[in-house]
Amino acid sequence: MTTLVCTSASKAATPTPYPSFSTYVRARGPVLLRTARSLTANPCDAEDLLQTALTKTYVAWDRIEDHRALDGYVRRALLNTRTSQWRKRKVDEFACEELPEPEAVPATDPAEQQVLHDAMWRAVLKLPERQRAMVVLRYYEDLSEVQTAEVLGVSVGTVKSAVSRALGKLREDPELATVR
């Protein structure tokens, strides 16, 4: 709800109990409106924000001791009001014809998964024994490089280089290329 505080059209209708407030708004209104515009993206929202801050200032007019610091008071009211509006904002929901959720990815065929699994295992069996052991421990047993090195009694660097060479051989395996 917005209350009309001070406009030139309302002079004739109701006299303002605080003439100094009307004078202040006429003198400082454009400057305060620029401040409000810097706090919002929309000029209409800035006018509403300034109107609300001026309403709060009007209500507290007789409690404000130093009228030389009114700009600071109104700016603080602008900032506090804008912060409150920002905190209270709600997420709008809009109806639309098309759902924004992505389509479900179709599950892969279990037979295709089995073909890939078999081809991968055959390719792993073609690796030299030491590389095969490292690949199985790293990727089938899900051990870290350090754990794999401890199990096989080799250094971590040996595991890294052997696994790297084994993966290179698996990438080049012609049987896996046809399955991919």
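A residue counts as buried under 20% relative accessible area, as exposed over 50%, and as partly exposed in between. By that scale Arg 75 is partly exposed, because its relative accessible area is 35%. The model in which this value was computed is a predicted one, and the paragraphs below move from the overall fold to the helix pairs and then to single residues.

The chain has eight helices and zero strands, and, read along the sequence, its pattern is therefore simply α-α-α-α-α-α-α-α. Of the 180 residues of the chain, 25% count as buried. Among the contacts in the chain with a separation of 6 or more, those between residues 24 or more positions apart account for 54%.

The first helix pair to consider is α2 and α3. Helix α2 spans residues 43-59 and helix α3 spans residues 70-88, and the two pack with their axes 9 Å apart at an angle of about 120°. That angle makes α2 oblique to α3, since 65 to 115 degrees counts as roughly perpendicular and over 145 as roughly antiparallel. The crossing in which α2 passes α3 is right-handed. On the α2 side, the residues that meet α3 are Leu 49, Leu 50, Thr 52, Ala 53, Leu 54, Lys 56 and Thr 57, and on the α3 side they are Tyr 73, Val 74, Ala 77, Leu 78, Thr 81, Arg 82 and Gln 85. Sorted by class, the residues of this contact are eight nonpolar, four polar and two charged.

Several of these names return in the interior of the model. In soluble globular proteins, nonpolar side chains tend to be buried together. Here the largest nonpolar core has 17 residues, and those with the most contacts inside it are Tyr 24, Leu 32, Ala 36, Leu 50, Leu 54, Val 74 and Leu 78. Helices α1 (19-39), α2 and α3 each supply at least two residues of this core, and the largest share, six residues, comes from α1. Leu 32 shows how such a residue is surrounded: leaving aside residues up to four places away in sequence, Leu 32 touches Tyr 24, Leu 50, Leu 54, Asp 71, Val 74 and Leu 78. A second, separate core holds eight residues, including Val 124, Leu 127, Val 135 and Ala 166.

With the cores in place, Arg 75 can be set in its surroundings. Arg 75 lies in helix α3, and, not counting residues up to four places away in sequence, Arg 75 touches Arg 28, Val 31 and Thr 35. The C-alpha atoms of Arg 75 and Leu 50 are separated by 9.2 Å, although the two residues are 25 residues apart along the chain.

Further along the sequence, helix α4 (residues 110-125) and helix α5 (residues 129-140) have axes that come within 9 Å and cross at roughly 140°. The two helices are therefore oblique to each other. From α4, the residues Met 120, Trp 121, Val 124 and Leu 125 meet Arg 132, Val 136 and Tyr 140 of α5. By class, this contact has six nonpolar, no polar and one charged residues.

The loop between α5 and α6 (145-152) contains Asp 142. Most residues other than glycine have a negative phi. Asp 142, by contrast, has a positive phi of about 60° although it is not a glycine. Asp 142 is also exposed, because its relative accessible area is 64%.

Beyond that loop, α6 packs against helix α7 (residues 156-172) with the axes 8 Å apart and at an angle of about 105°, which makes α6 roughly perpendicular to α7. The contact is made by Glu 145, Val 146, Thr 148 and Ala 149 of α6 together with Val 156, Val 159 and Lys 160 of α7. Divided by class, the contact of α6 with α7 has four nonpolar, one polar and two charged residues.

Helix α7 also holds Ser 164, which is partly exposed, because its relative accessible area is 47%. Measuring aside, the computed separation of Ser 164 and Gln 131 is 9.2 Å in space, C-alpha to C-alpha, while in sequence the two are 33 residues apart.

Notes:
Residues numbered from 1 in each chain as written. Predicted model: local features only at pLDDT ≥ 70, side-chain atom pairs only at ≥ 80, totals over all residues. Heavy atoms only, no water. Axes fitted to C-alpha atoms, helices over the stretch in contact; angles between N-to-C directions. Helix = DSSP H or I, 4+ residues; strand = E, 2+ residues; numbered from the N terminus. Parallel < 35°, antiparallel > 145°, perpendicular 65-115°, else oblique. Contact = heavy atoms within 4.5 Å. Nonpolar A, V, L, I, M, F, W, Y, C, P; charged D, E, K, R; others polar. Left-handed = near helix turned anticlockwise from the far one by under 90°. Core = buried A, V, L, I, M, F, W, Y, C linked by side-chain atoms within 4.5 Å. Buried < 20%, exposed > 50% of the residue type's maximum accessible area, 1.4 Å probe, protein only.
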